Amino acid sequence: EVRMERHCSNAQKVAEFLQSRPEVAWVHYAGLPGDDYYERAQKYMIGGRTCGVLAFGIKGGREASIAFMDKLKVAQIATHVADAKTCLLHPASHTHRQMSEEQLLEAGVNPDLIRLSVGIENVEDIIADLEQAFK
């Protein structure tokens, strides 16, 4: 319970940070007002606490997303979710790399999609890592 509390609070802060960045095209996180699942999260989740995983897109598509991820120092590129460490993945070039662009879009995998599993590190360190990657 203590670990999940940290995952959720860190993810909320990271989602809010990402939503404020001009380089970010979109953020999906049920803890953000306006998200398609926000009302359900408020109703069904304890204290509106959602989870430690969010999705976002970088303006500029696939290449911009990959370039952004390559600059990260704290977050690791990995398929894990709910790890103690912050991990992220670009599904279009990793788990779904065998699919064509058309198949990716049919499956709902946008070329700019990054899945981020926020860890339990100090949230200021996570945000600083994301911020330096944007520069």
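Is Glu131 buried, partly exposed or exposed? I looked this up before anything else. Glu131 has a relative accessible area of 31%, so I entered it as partly exposed. The model I am working from is predicted.

**Entry: salt bridges**

I searched the whole structure for salt bridges and found two. In one of them Glu131 is the partner of Arg21, with the closest N and O atoms 3.5 Å apart. I then checked where the two residues sit: Glu131 is in helix 5, and Arg21 is in the loop between helix 1 and strand 1. The pair links distant parts of the chain, 110 residues apart.

Arg21 also forms a salt bridge with Glu23, and here I read 2.9 Å between the closest N and O atoms. Through shared partners, Arg21, Glu23 and Glu131 join into one network.

I looked up the accessibility of the other two members as well. Arg21 has 16% relative accessibility and therefore counts as buried, the cut-off being under 20%. Glu23 is at 23%, so I entered it as partly exposed.

**Entry: aromatic pairs**

How many aromatic pairs are there? I counted three. I wrote down the geometry of two of them.

For Phe17 and Phe134, the ring centres are 6.4 Å apart and the planes stand at 45°, so I logged the pair as tilted. Phe17 belongs to helix 1 (residues 2–20) and Phe134 to helix 5 (residues 123–134), so this contact ties together parts 117 residues apart in sequence. I found both Phe17 and Phe134 buried.

For Phe56 and Phe68, the ring centres are 6.1 Å apart and the planes are at 90°, so I logged this pair as edge-to-face. Phe56 comes from strand 2 and Phe68 from helix 3 (residues 61–70), so the parts tied together are twelve residues apart in sequence. Phe56 and Phe68 are both buried.

I also traced how the rings connect. Ring pairs link Phe17, Phe56, Phe68 and Phe134 into a cluster.

**Entry: strand 2**

Phe56 led me to its strand. Strand 2 spans residues 53–58, and I found five of its six residues buried, so I have it down as mostly covered.

Which strands pair with strand 2? I found strand 1 (residues 24–28) paired with it in the antiparallel sense, over four bridges. Strand 5 (residues 113–117) also runs antiparallel to strand 2, and five bridges join them.

I noted one residue pairing on each side. Val27 has Phe56 of strand 2 as its bridge partner. Leu54 stands opposite Leu116 in strand 5. Phe56 thus appears in my notes both as the bridge partner of Val27 and as a ring partner of Phe68.

**Entry: helix 3**

Phe68 led me to helix 3. Which residues of helix 3 are buried? I listed Gly61, Arg62, Ser65, Phe68 and Met69. I then viewed the helix down its axis: these buried residues fall within an arc of 130°, so they line one face. As background, an α-helix has 3.6 residues a turn, so residues three or four places apart point the same way.

On the other side of helix 3 I found Glu63 and Asp70 exposed.

Conventions: Residues are numbered from 1 along each chain as its sequence is written. This is a predicted model: local features need pLDDT of at least 70, side-chain atom pairs count only at pLDDT 80 or more; totals for chains, interfaces and linings use all residues. Side-chain values use heavy atoms; hydrogens and water are left out. Buried means under 20% relative accessible area, exposed over 50%, partly exposed in between (1.4 Å probe, protein chains only). Two strands pair if DSSP finds at least two bridges between them. Rings of Phe, Tyr and Trp (its six-membered ring) pair if their centres lie within 6.5 Å; planes under 30 degrees apart count as stacked, over 60 as edge-to-face and the rest as tilted. A salt bridge is a side-chain nitrogen of Lys or Arg within 4 Å of a carboxyl oxygen of Asp or Glu. The arc is that of the directions from the helix axis to the C-beta atoms.
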